Amino acid sequence: MRVIPFLITFLLTAGLIFCLDTQWDKVPPLGKFLSPQHGCWQNAEPVGKDFNATLSLPGLKNKAEVHFDEYLIPHVYANSQQDACFIQGWLHARFRLWQMEFQTHAAAGRLSEILGPGEGNSYLKYDRSMRRLGMVYGAKKALEEIEKDPVSKRDCDAYTAGVNEYIKNLRESELPLEYKLLNYRPEPWTNLKIALFIKYMAYDLAGHDNDFELTNAKSFFNKEAFAKLYPPVQDSVDPIIPKGTTFLPAGIQPKIPASADSLYFNNMDSVMARELKPEKSNGSNNWAVSGKKTLSHSPILCNDPHLSTNLPSIWYQMQIRTPGYNVYGVSFPGAPYVIIGFNDSCSWGITNSERDVRDYYTIKFKDNTRQAYWFNNDWKTAGQWIDTIKVRGQELPFYDTVATTVFGPVMYDAGFAGFSDVPAAKSYAVHWKANDPSNELATFSRLQSATNYSDYKQALEYFKTPGQNFVFADKRGEIAIWQQGEFPAKWKGQGEFVMPGEDSSYMWQGNIRAFENPYMIDPERGFVSSANQLPVDTSYPYFLGTDFPPYRGLTINRFLSHMDSSITPSDMMKLQTENYDVFADMAKPLLLRNIDESRLSGEGKNYLNIFKLWKLRNDPGEEGPVIFNRWWDHLEHIIFDDEFSKTSLSVMRPYESTLLEALLKDTTYQFIDNINTPEKETLQQVVTEAFLKSIPDLVQAGKDDRLAWGKYKDTWARHLLRLPALSRMHLPIGGGTHSINAAKQFHGPSWRMVVQLSEKTEAYGVYPGGQSGNPGSSYYDTFIDYWAAGKYYPLWVMDKDERENKNKIKWTVHLKP
């Protein structure tokens with residue numbers, strides 16, 4: 001009789017052990033995860049943790065010190081740049097290992113390996129998209145270029161060695177929480193991973209295009225309608241380089257193909273594929289003000305790159321001092337050097353150029369084997385590679401055969417239409433500038449030690465993709481901005497639509513010479529600036545594309561133009577966090593002129609009165625921005641839905657600026673009329689109807705306590721795995737798409753920096769995160785509340801004689817070989 005209870009106990013124990021040691025779908029093995037010695041409890045970092053240490057690190061050449069201040073910002077003292085890169089790799093791994101590896105897995109198309117295929121195979125589609133785009137291929141080409149340069153190779157080798165030194169000594173209990181949640185371990189770091197991270201940034205900043213959507217729009221709308229929906233330039237644009245600037249004649253005169261009218265501009269074919277795209281709003285603000293406009297008579301440089309507001313943060317803040325330079329700023333976990341920052345002589349910042357450097361070509365294959373394609377009157381042999389994609393939870397990997405052409409890899413074909421549910425009827429090859437060999441790291445290596453404009457300009461020569469606006473200021477008083485990148489010289493309209501790929505006439509015909517890129521040095525107006533707007537007016541001799549947001553650049557230039565000669569860093573901090581909405585300023589009179597108030601109830605009149613009194617600031621407590629947002633959104637739908645609903649194709653909607661400028665110029669704008677009704681609608685009718693439709697939205701927002709703009713917009717610092725428990729939600733911050741303070745729900749100013757280049761540099765900064773990537777650390781989200789409130793921290797640049805400053809230095813790590 002005793003045997004039966006024993007067997008029951010044995011079976012229950014065995015079952016419990018099996019259950020606790022097995023991963024169940026997304027739930028990690030609970031035995032390991034909840035283990036007091038090795039599990040998640042070990043990630044709860046005690047408040048007041050002691051980071052002091054003395055370590056021997058193989059790979060380090062000389063003794064070094066890392067002094068941490070009260071915010072866990074490291075101040076690195078190294079005897080060479082090589083050692084500085086080793087220590088930077090070690091620090092990035094120490095505080096951000098999971099983040100940097102996860103992002104390089106994403107870049108390489110390896111998310112399915114960690115997360116499984118995803119709902120509707122979403123992760124698998126993502127991985128196939130990244131691989132077919134050529135991310136790994138482009139990273140390998142970049143690595144070849146990096147390793148041709150002795151300094152870049154030396155520094156990347158040192159950085160990788162530093163990361164691996166940390167990984168090698170990492171105990172299971174010290175694994176970042178996300179590894180435990182997802183039940184996997186880090187793999188050794190490589191220089192290829194550095195190159196993958198650089199390509200991931202290139203994808204994030206130069207991977208957005210509308211070629212397919214515009215091709216579909218061209219196939220659906222007639223020429224006149226298309227021109228009204230997608231005008232090439234906005235009237236309100238205030239370009240980076242002022243209007244009226246004289247430019248050199250084009251060094252390259254790209255020839256328009258003889259067949260362009262019939263096969264390109266008037267081709268009515270549509271596209272069924274649907275692209276994977278990065279956040280469209282990835283942009284930024286930067287400007288530099290000359291000393292003749294500042295109270296200190298010294299230049300002030302400002303930068304706030306707009307990226308996803310992730311946790312762990314995109315940036316890692318640090319100071320690096322070597323015998324050759326003393327630099328402070330933010331770095332990317334996953335790559336060496338300071339990316340945005342300042343040294344003892346100068347400062348620099350970057351914004352995205354928004355230039356189109358990714359085009360698609362229709363490929364005609366001989367048969368379904370895709371081994372030969374028609375090009376220049378002959379069947380050419382296509383290259384092929386087979387991608388092996390490991391998928392978590394599946395015994396066999398997924399094999400994806402990718403054809404390659406003279407243009408580049410075939411991104412979409414009968415076997416893969418991206419995120420479209422409808423198979424692609426044709427094959428489309430992609431030509432992306434980021435797949436060309438380049439070494440962008442060399443730019444940042446040289447900027448760290450730059451002392452003047454000449455050094456800055458030489459550093460930029462290495463930067464190819466993604467095109468960026470590099471702003472510069474130095475202690476000699478010079479300010480400058482260059483739009484830097486390797487841009488294809490295009491004929492007007494080239495690359496807006498999918499191009500024919502049956503001959504060479506539609507290929508890029510060369511690159512714009514670097515000295516022809518837009519730039520400005522020490523202008524008479526006393527400032528340079530950029531905010532992703534069109535860089536030049538229409539007198540520039542090359543076609544640049546058509547997708548440039550106009551409003552932040554317009555606002556910045558207005559403010560800076562009207563400021564007198566007493567600008568201070570405080571003024572610049574206030575400008576970076578400015579919530580004024582110039583788009584609403586232009587739209588508000590139009591809306592109020594055309595609303596029929598007699599059709600409004602008491603509730604509607606109350607909302608309209610709030611809108612009338614609104615001062616055009618998107619402050620977090622304001623209700624006016626919510627009313628405007630809902631009103632304009634309904635207006636867009638009323639005006640365009642009747643036409644766009646007639647097609648099932650993926651078609652790009654017109655930009656907000658297009659509709660606003662069209663209505664300001666023409667109150668009988670063609671698309672005001674609803675083609676589904678017999679009468680001809682007027683502007684007053686559609687404006688009033690849009691307001692009436694917004695009222696139920698506003699009533700519901702009030703019931704949900706979301707009528708205040710900050711609550712309605714609902715900004716997050718969101719964890720990379722999109723887990724609310726590891727995110728900071730519902731941040732009380734204003735701003736928005738058209739404000740200088742461009743904070744949206746999951747996107748916004750990822751690093752705010754203001755640097756006054758006086759004799760003793762005065763600098764301020766903040767980002768929406770913290771230095772540690774560990775959610776169990778008090779340094780995980782240190783700066784978020786200050787960031788949301790529009791406040792800044794003074795950036796402490798530690799002097800040599802402050803190494804014993806106990807008031808500012810909280811911990812010291814002594815490193816020796």
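In the predicted model, helices H19 and H20 are roughly perpendicular to each other, because the angle between them, about 80°, falls within the range of 65 to 115 degrees that counts as roughly perpendicular. Helix H19 spans residues 624-644 and helix H20 spans residues 656-665, and their axes lie 12 Å apart. On the side of H19, the contact is made by Trp-632, Leu-635, Glu-636, Ile-639 and Phe-640, whereas H20 contributes Glu-656, Leu-659, Leu-660 and Leu-663. When these residues are sorted by class, the contact of H19 with H20 has 7 nonpolar and 2 charged residues, and no polar ones.

The loop between H19 and H20 holds Pro-654. This proline has a relative accessible area of 8%, and it therefore counts as buried, the cut-off being under 20%. Apart from its neighbours within four places in sequence, Pro-654 is in contact with Leu-229, Tyr-230, Phe-640 and Phe-644; of these, Phe-640 also belongs to the residues through which H19 meets H20. Between the C-alpha atoms of Pro-654 and Gly-773, which are 119 residues apart along the chain, the separation is 39 Å.

In soluble globular proteins, nonpolar side chains tend to be buried together. In this model, the largest nonpolar core comprises 171 residues, and the members that touch the most other members are Phe-68, Ile-87, Leu-91, Trp-315, Trp-432, Tyr-456 and Met-572. Helix H3, residues 81-107, supplies the largest share of this core, with 14 residues. The surroundings of Met-572 can be described further: not counting residues up to four places away in sequence, Met-572 touches Trp-287, Val-289, Ile-300, Cys-302, Leu-560, Met-563, Ile-567 and Val-754. A second core, separate from the one just described, has 72 residues, including Leu-214, Phe-583, Leu-663 and Tyr-712; Leu-663 is also one of the residues of H20 in contact with H19.

An open sheet of 4 strands was also identified, in which the strands follow the order E16-E17-E11-E20 and the pairing is mixed. Strands E16 (410-412) and E20 (499-500) stand at the edges and have a single partner strand each, so that one side of each is left without a neighbour in the sheet. Strand E16 is joined by 2 bridges to strand E17, residues 427-432, and the two strands run antiparallel. Within this part of the sheet, Val-410 stands opposite Ala-429 in E17. Helix H10, residues 211-220, lies across E16, E17 and strand E11 (358-363), and runs at about 60° to E11.

Key
Residues numbered from 1 in each chain as written. Predicted model: local features only at pLDDT ≥ 70, side-chain atom pairs only at ≥ 80, totals over all residues. Heavy atoms only, no water. Axes fitted to C-alpha atoms, helices over the stretch in contact; angles between N-to-C directions. Parallel < 35°, antiparallel > 145°, perpendicular 65-115°, else oblique. Contact = heavy atoms within 4.5 Å. Nonpolar A, V, L, I, M, F, W, Y, C, P; charged D, E, K, R; others polar. Core = buried A, V, L, I, M, F, W, Y, C linked by side-chain atoms within 4.5 Å. Buried < 20%, exposed > 50% of the residue type's maximum accessible area, 1.4 Å probe, protein only. Pairing = 2+ DSSP bridges.
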